[in-house]
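Colleague: I am new to this structure and should be grateful for a close look at a single part. Please describe the surroundings of the ligand.

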Amino acid sequence: MTTEPSPDFSTLASGFSSWTEQLWAPLAQQVVDAAGLKKNDAVLDACCGTGTSATPAAHQVGPQGKVDGVDLAEGMLDVARAAAPDLPQLSFHASDVVSFSRDYAYDAALCCFGVFFFPQMNAGAQALVNKLRPGGTLALSTWHGRPFMEITRLALAAVKREGYRAGTVNPAVMANIDAIGTPESLAAWLKGLGLRDIRVQSTAVSIEVTQNSAWQFVLGSLVAGMLPTEPAAVERVRQDFLSTLDHTHVAAEVLIATGKRRFPS
Ligand SMILES: C[S@@+](CC[C@H](N)C(=O)[O-])C[C@H]1O[C@@H](n2cnc3c(N)ncnc32)[C@H](O)[C@@H]1O
């Protein structure tokens, strides 16, 4: 299996955040709601990106609580810091969340569309669980089934037709997504991490797209890392992709799951 690195989201921040309002933020809100945060909770927002879950979490825990948003990509954090309200309980940190540590245990850890980017997904997720106090909650989202919306498939096909840097989306990431891509496999995986009271819900997303927003989505997705470098070639891919985009909506299924860290026996 390839050891190709995951994409640097710093370069994707603009395209990614163009879909915040209609896609990422509503899904992040569902993860925050599922986590059942309480006033004064200490929350780790793992792979916080542009702050889609960190900000609503900070409102829920209030000024005596704490939300540590952690992401590898400075470009995503720049967007997060610019967009977030100035709240004493909310801070953002540029770090690999797997090795990120504080001298307190968390009441909850959130991870929206992040765990499958960990090169060692099981060990990375276990590290998140280990940062929880016993009884603390892990809440995450991931794709139900082969993730990418139809839009991504069409974009990949256009990249391949152009012939530049053709390849596939990082196979290790795809394998991770597949491994936890059904309610049953996700629940079993969470059980294997030592969680109890596991709940998994599937939610359907359908979003209206324009030609411009579809291309912005591509620029914020894993496919962006496979685009040619020459602007003229990128433009050919864009036009080819848009000529195949014959629908006005994109659909995806998302899994949102929670589980609680066991107490030591
Ligand atoms: C698809 S984005 C999701 C962003 C945000 N959670 C959301 O749903 O809007 C995935 C994010 O995970 C981050 N990421 C991947 N591996 C990471 C790691 N080991 N530590 C911290 N952040 C990581 C990426 O930089 C990227 O910002």
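Modeller: The following account concerns the ligand and the residues around it. The model is predicted, so local features need pLDDT of at least 70 and side-chain atom pairs count only at pLDDT 80 or more, while totals for chains, interfaces and linings use all residues. Residues are numbered from 1 along each chain as its sequence is written, and side-chain values use heavy atoms, with hydrogens and water left out.

There are 18 residues around the ligand, a residue being near when one of its heavy atoms lies within 4 Å of the molecule. Those that come nearest are Cys47, Thr52, Asp71, Asp96 and Val97. By class, the shell divides into 13 nonpolar, three polar and two charged residues; here Ala, Val, Leu, Ile, Met, Phe, Trp, Tyr, Cys and Pro count as nonpolar, Asp, Glu, Lys and Arg as charged, and the others, Gly among them, as polar.

Several polar contacts (pairs of N or O atoms within 3.5 Å) can be described. Asp71 places a polar side-chain atom 2.7 Å from an oxygen atom of the ligand. For Asp96, an N or O atom of the side chain is 2.9 Å from a nitrogen atom of the ligand. Leu72 takes part through its backbone, where an N or O atom lies 3.2 Å from a ligand nitrogen atom. The ligand taken alone exposes 600 Å², of which the protein buries 96%; these accessible areas come from the Shrake-Rupley method with a 1.4 Å probe.

Definitions and conventions:
A polar contact is a pair of N or O atoms within 3.5 Å; within protein, one must be able to donate a hydrogen and the other to accept it, and residues adjacent in sequence count only if both atoms are side-chain atoms.
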